[in-house]
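Hi there,

Here is the structure I promised to pass on to you. Have a look at it first, and then read my notes below.

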Amino acid sequence: MKDQEWIDRFRSDFNFSHSSEDDKLIKSIRTSKAAIKRMTGVDDDTNLEFVELVINRVRYEYNEQLEFFEQNFESALIGLSFEYNQEGETTDDNSSIE
């Protein structure tokens, strides 16, 4: 998604109508995307869970509550990380241990 799409999503989710803080939001969105990638390994803005986590991290940062984000979203972060790390793995029932 482009920066404006992220801002539109944030505004839509949190009834945020003014544009006076768009630059601050763009910075927070970029920082949040990097932080979620660091925590989960995921950087896919087509993944709805990734998008939700980014938007919520922006909300926590905007409300000056960022120190509580990881604790409050721990299970979602772990779940996304687990899902991402499992996608690339395949099982071969015919394999043997040598």
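Of the 98 residues in the protein chain, 32% are buried. Please keep in mind that this is a predicted model. The secondary structure of the chain comes to five helices and zero strands, so to speak an α-α-α-α-α run when you read from the N terminus on. Among contacts in the chain with a separation of 6 or more, 55% link residues 24 or more positions apart.

Let me start with helix α1 and its two partners.

Helix α1 covers residues 3-14 and helix α2 covers residues 22-40; their axes come within 10 Å and cross at roughly 100 degrees. The two helices are therefore roughly perpendicular to each other. On the α1 side, the contact is made by D3, W6, I7, F10 and R11, while α2 brings in D22, L25, I26, I29, R30 and K33. Sorted by class, this contact of α1 with α2 has six nonpolar and five charged residues, with no polar ones.

The axes of α1 and α3 also come within 10 Å, and they cross at roughly 70 degrees. That crossing makes α1 roughly perpendicular to α3. Here α1 uses W6, R9, F10, D13 and F14, and α3 answers with F50, V51, V54, I55, N56, V58 and R59. By class, the contact of α1 with α3 has eight nonpolar, one polar and three charged residues. You will find W6 and F10 of α1 in the contact with α2 and again in the contact with α3.

Next comes α3 itself. This helix spans residues 48-62, 15 residues in total, and reaches 21 Å from its first C-alpha to its last, close to the 21 Å expected at 1.5 Å a residue. At its start, a side-chain oxygen of N47 reaches to within 2.9 Å of the backbone nitrogen of E49. Just after α3, E64 takes a positive phi of about 55 degrees.

Which residues of α3 are buried? They are F50, V51, L53, V54, I55, N56, R57, V58 and Y60.

One of these deserves a closer look: R57, which sits in helix α3. Its relative accessible area is 10%, and because under 20% counts as buried, R57 is buried. Leaving aside residues up to four places away in sequence, R57 touches T31, S32, A35, I36, M39, L66 and F69.

Enjoy exploring the model!

Best wishes

Conventions:
Residues numbered from 1 in each chain as written. Predicted model: local features only at pLDDT ≥ 70, side-chain atom pairs only at ≥ 80, totals over all residues. Heavy atoms only, no water. Axes fitted to C-alpha atoms, helices over the stretch in contact; angles between N-to-C directions. Helix = DSSP H or I, 4+ residues; strand = E, 2+ residues; numbered from the N terminus. Parallel < 35°, antiparallel > 145°, perpendicular 65-115°, else oblique. Contact = heavy atoms within 4.5 Å. Nonpolar A, V, L, I, M, F, W, Y, C, P; charged D, E, K, R; others polar. Expected span 1.5 Å × (residues − 1). Buried < 20%, exposed > 50% of the residue type's maximum accessible area, 1.4 Å probe, protein only. Polar contact = N/O pair within 3.5 Å; in protein donor to acceptor, adjacent residues only side chain to side chain.
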